[in-house]
Amino acid sequence: MEGNVPVFGSKLRNNIVIVPEVISQCSGIRVFGQSIKSFLFSTDVAIIRNTNANAIIAVYPFTPQPVISNALILAADKPIFCGVGGGITTGVRSLELAIHAEFQGALGVVLNKPTPNSLITKLKEKIDIPVTVTVVSGKEDIQGRIKAGVDIFNVSGAGNTVDIIKKIRDIDTNVAIIATGGKTNETILEAIEAGANAISYTPPSTGELFKGIMEKYRLEE
């Protein structure tokens, strides 16, 4: 019976980070039987535990550490794609981080833009979860990445995101693409129409989320 979707919630869990509804229009990426359309870009455990996103991309601007990925995987109630370097942290260290992430329960790993194609090939030989590579420019060697064995492209090109998606689709119509969709329904839909299979959504910070709550409390005084 289509259209009749039972909804369950509670007074204690109604204040969560909800991803834009328009994301449901993308095809999704099926990983080990799980269909993923929305990724939340965050390493904040409290936000990760309080969102309706299908999965998490846990990438941060520091050297990847197993203790961090382990904590996030343990705390999350949904699949996590863990950052394993590729820039300053690369080579054998990235390989070991990826193996550790898989053993801890990560559903996928994410590599930074500077990652050499040779590292992608080595990862594909050693781990049994999807290898994702971030793309920030249309000038990158997309064909070389595909030849190396990349499973998913994570497109984060700011205002050029749609053009990068189209370039990837011109080269390969089937490769999986996650893309940043921006803050509006219009920009998210543009990314989907260009060929993104899933959307990465950046949530408000904890401070921003607290702002509305604190203003409400002040009005109650």
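# Worked exercises on a predicted model

At 6% relative accessibility, Ser200 counts as buried. That value comes from a predicted model, as do all the others here. Let's use Ser200 as a warm-up and then work through the rest of the chain.

## Exercise 1: Ser200 and its surroundings

Task: Find the element that holds Ser200 and list the residues in contact with it beyond its sequence neighbours.

Solution. Start with the element: Ser200 belongs to strand E10, which covers residues 198–201. Next comes the burial class. Buried means under 20% relative accessible area, and Ser200, at 6%, counts as buried. Finally, leave aside the neighbours within four places in sequence; Ser200 is then in contact with Phe39, Phe41, Ile57, Ile178, Ala179, Thr180 and Gly181.

## Exercise 2: The chain as a whole

Task: Decide how compact the chain is for a globular protein of its length.

Solution. First take stock of the elements: the chain has 8 helices and 10 strands. Its radius of gyration is 18 Å, close to the 17 Å that the globule rule gives for 221 residues, so the chain is as compact as a globular protein of that length. Then look at the extents, where the C-alpha trace spans about 60 × 40 × 35 Å along its principal axes. Burial comes next: 43% of the 221 residues count as buried. To finish, turn to the contacts with a separation of 6 or more; residues 24 or more positions apart account for 57% of them.

## Exercise 3: Two helices side by side

Task: Classify how H6 and H7 are oriented to each other, and describe the residues of their contact.

Solution. Begin with the geometry: the axes of H6 and helix H7 (residues 185–194) come within 9 Å and cross at roughly 10 degrees. Angles under 35 degrees count as roughly parallel, and H6 and H7 are therefore roughly parallel to each other. On the H6 side, the contact is made by Val162, Ile165, Lys166 and Arg169, and on the H7 side by Glu190, Ala191 and Ala194. Sorting the residues of this contact gives 4 nonpolar, no polar and 3 charged.

## Exercise 4: Positive phi outside glycine

Task: Examine Phe32 and Ala158, each a residue other than glycine with a positive phi.

Solution. Take Phe32 to begin with. Its phi is near 50 degrees, and its place is in the loop between strand E1 (29–31) and strand E2 (34–36). Phe32 counts as exposed, at 53% relative accessibility. Now Ala158: phi is near 50 degrees here too. Ala158 lies in the loop between strand E8 (152–155) and helix H6 (161–171), and at 68% relative accessibility it counts as exposed.

## Exercise 5: Polar atoms of Ser94 and Lys37

Task: Which backbone atoms lie within reach of the side chains of Ser94 and Lys37?

Solution. Ser94 lies in helix H3 (residues 91–104). With a relative accessible area of 0%, Ser94 is buried. A polar atom of its side chain lies 3.5 Å from the backbone nitrogen of Gly86. Gly86 also appears among the residues that Ser94 touches, together with Val84, Gly85, Thr89, Leu119 and Leu123, not counting residues up to four places away in sequence.

Lys37 sits in the loop between E2 and strand E3 (38–41) and counts as partly exposed, at 25% relative accessibility. Its side chain reaches the backbone oxygen of Cys26 at 3.3 Å. Residues up to four places away aside, Lys37 touches Ile23, Ser24, Cys26, Ser27, Gly28, Asn54, Ala198 and Ile199.

## Exercise 6: Sequence separation and distance

Task: For Leu74 with Gln104, Lys37 with Asn185 and Ile80 with Leu189, set the separation along the chain beside the C-alpha distance.

Solution. Leu74 and Gln104 are 30 residues apart in sequence and 8.5 Å apart in space. Leu74 is in helix H2 (residues 66–75) and is exposed, with a relative accessible area of 66%. Lys37 and Asn185 are 148 residues apart along the chain, and their C-alpha atoms are separated by 15 Å. For Ile80 and Leu189, 109 residues apart, the separation is 24 Å.

One last step places Ile80: it is in strand E5 (residues 80–83) and is buried, with a relative accessible area of 2%. Beyond residues up to four places away, Ile80 touches Ile56, Ala58, Leu72, Ile73, Ala106, Leu107 and Gly108.

Notes
Residues numbered from 1 in each chain as written. Predicted model: local features only at pLDDT ≥ 70, side-chain atom pairs only at ≥ 80, totals over all residues. Heavy atoms only, no water. Helix = DSSP H or I, 4+ residues; strand = E, 2+ residues; numbered from the N terminus. Buried < 20%, exposed > 50% of the residue type's maximum accessible area, 1.4 Å probe, protein only. Polar contact = N/O pair within 3.5 Å; in protein donor to acceptor, adjacent residues only side chain to side chain. Contact = heavy atoms within 4.5 Å. Axes fitted to C-alpha atoms, helices over the stretch in contact; angles between N-to-C directions. Parallel < 35°, antiparallel > 145°, perpendicular 65-115°, else oblique. Nonpolar A, V, L, I, M, F, W, Y, C, P; charged D, E, K, R; others polar. Rg over C-alpha atoms; globule rule 2.2 N^0.38 Å.
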